Amino acid sequence: MENMLHLAPSLARVPDCFIIPPDQLPPATTGVVSLPVIDMSGSHDEVCRAILDAGKEYGFFQVVNHGVPEQVMQDMEAVCAEFYRLPAADKAHLYSEDKTKPNRLFSGTTYNTGGDKYWMDCLRLACPVTVGDAGDATSDGWPDKPRRLREVFERFVAQSRGVGMQVLRLLCDAAGLRADYFDGELSRGDAILGVNHYPPCPDPAATLGLPPHCDRNLITLLVTGPVHGLEVLHAGEWVKVQHVPGAFVVNFGLQLEVVTNGMLKSVEHRVMTNAALPRTAVALFICPTEDCVVGPAEELVGDGGTPCYRALRFDEFKRIYATVKLGSALNLTTNLKNNQKADNIM
Ligand SMILES: O=C(O)CCC(=O)C(=O)O
C-alpha cells in the first residue's frame, strides 16, 4: 500500500525507477490534429460511415449525444474523486499486487513492464455483463466506500457498455457483418472498469502515466476528464486528445483488429502526467469471454482470401501479449499481423 502514489507525500523529484530515457519519450506533435467527434444522434447511415472512416484512419474517435445521461457521467466523476480522497485505512483491504485478482487497487499498469514504473494508481474492477441485477455475486470484492459507489458504478457500466455495443452494431452494418456479430461471447466476458488516477508529477517530461500500449480487449470506452494526458499515435506522431465535455473516447482493442482481419487497427496510446493537477480517467474495457476463440470473420477474409491473424482463445492471447515494455515489439512498432504469424507464437 505504501507505493500508492496518491497516498504518498508529494515528492520534489521523480524517483529514478520512474525515469524514462528521453529517446523513449518523444513529445507530442505541435500540429493540430483532432480526433473525429461523432454525433450519435445523426442518421444511421451517416453515423455508420463516420465510425468506419474514423476507425480506419485513427482507431480512436469521440462520441457525443450517445444517450448516457449527464447525471450518470457526473455521478461517476464525483464518486471516483471521493474514492481517491478516502483515507488509506478505508482502501487498504483492496490493495493487491496479484494481477490475477479481478478486483483490486494497485499502482502502475496491469501489463508486465519488466520493473519499469509508471505514474498511475488504479482501481480495477470486474463487471459481469449482468451487472446491476439483484443479488449479483461477482461484484463482491468491490469497494464498500463511498456508500453510493456500487450503485453509481453499476449504472455507469451498464449504460456505457450499451454505447459500446451500439458502436459495434453500427460498425457491423458499415463493414458488412451481421448486426449481432459481436453480441455473443465476443463481448460477454466480464467488462473491466479501470479508474485511473494520475497524481501531480514533479517532472512530467521525465516519466509517463501509462506506457505506449494497445488494448487487448474488443473495444474500450474512456471518460478522460478535462485535464490533458491521453495521446494517440497517428501517422508516426503522438497526438494530444482534446477534451470534449460529455464525450466518450472510443478505441478499438486488438480483438477487433483480429476479427476484422486488420481492416480496423488497434492503435497505440500513452498517458502523460501533469505537474499541477491530478487527473482521473475512467476506462470500460468490453471483453470476450476467457474461452472465446477469436479469429478473423470469414465474411471479411472473403472467398479465397487469407486470414492475416491466427485464431486464439482470449485468455491465451492475453497470456502471450502480457508484456508492454518500452522499445519492445508490440509497442512503438505495433504490428500484430506479423506478431501473429505462426512462427512467432510462443
Ligand atoms: O487515462 C487515460 O486517458 C487512458 C487510459 C488507458 O489507456 C488505459 O487504462 O489503458
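1. Two strands are taken to pair if DSSP finds at least two bridges between them, and the remarks on the sheet below rest on that cut-off. The model under discussion is a predicted one.

2. By this criterion, four strands form an open sheet in the order β6-β11-β8-β9, with antiparallel pairing. The edges are held by β6 (210-213) and β9 (237-240), and each of these has a single partner strand, so one side of each is left without a neighbour in the sheet. On average, and with direction ignored, neighbouring strands of this sheet are turned by 25 degrees against each other.

3. At the β6 edge, the partner is strand β11 (residues 269-271), which runs antiparallel to β6 and is joined to it by two bridges. Within this pairing, L210 has V271 in β11 as its bridge partner.

4. The UniProt record, in an unreviewed entry, places the feature "domain: Fe2OG dioxygenase" at residues 188-288. In the model, the chain over residues 188-288 is 6% helix and 42% strand, and the C-alpha atoms at the two ends of this stretch are 6 Å apart.

5. Turning to the interior, the largest nonpolar core comprises 85 residues, and those with the most contacts inside it are V167, A191, L193 and F248. Helix α3 (residues 149-175) supplies the largest share of this core, namely 11 residues.

6. L193, one of the residues with the most contacts inside that core, can be followed further: once its neighbours within four places in sequence are left aside, L193 is in contact with L125, C127, F153, V157 and L284.

How values were computed:
Residues are numbered from 1 along each chain as its sequence is written. This is a predicted model: local features need pLDDT of at least 70, side-chain atom pairs count only at pLDDT 80 or more; totals for chains, interfaces and linings use all residues. A nonpolar core is a set of buried Ala, Val, Leu, Ile, Met, Phe, Trp, Tyr and Cys residues joined through C-beta atoms within 7 Å. A residue is buried if 20 or more other C-beta atoms lie within 10 Å of its own, exposed if 12 or fewer, and partly exposed in between; C-beta atoms are placed from the backbone. Two residues are in contact if their C-beta atoms, placed from the backbone, lie within 7 Å. UniProt positions are given in the numbering used here, feature names are shortened, and annotations may be inferred rather than shown by experiment. Axes are lines fitted to C-alpha atoms, for helices over the stretch in contact, and angles run from 0 to 180 degrees between N-to-C directions.
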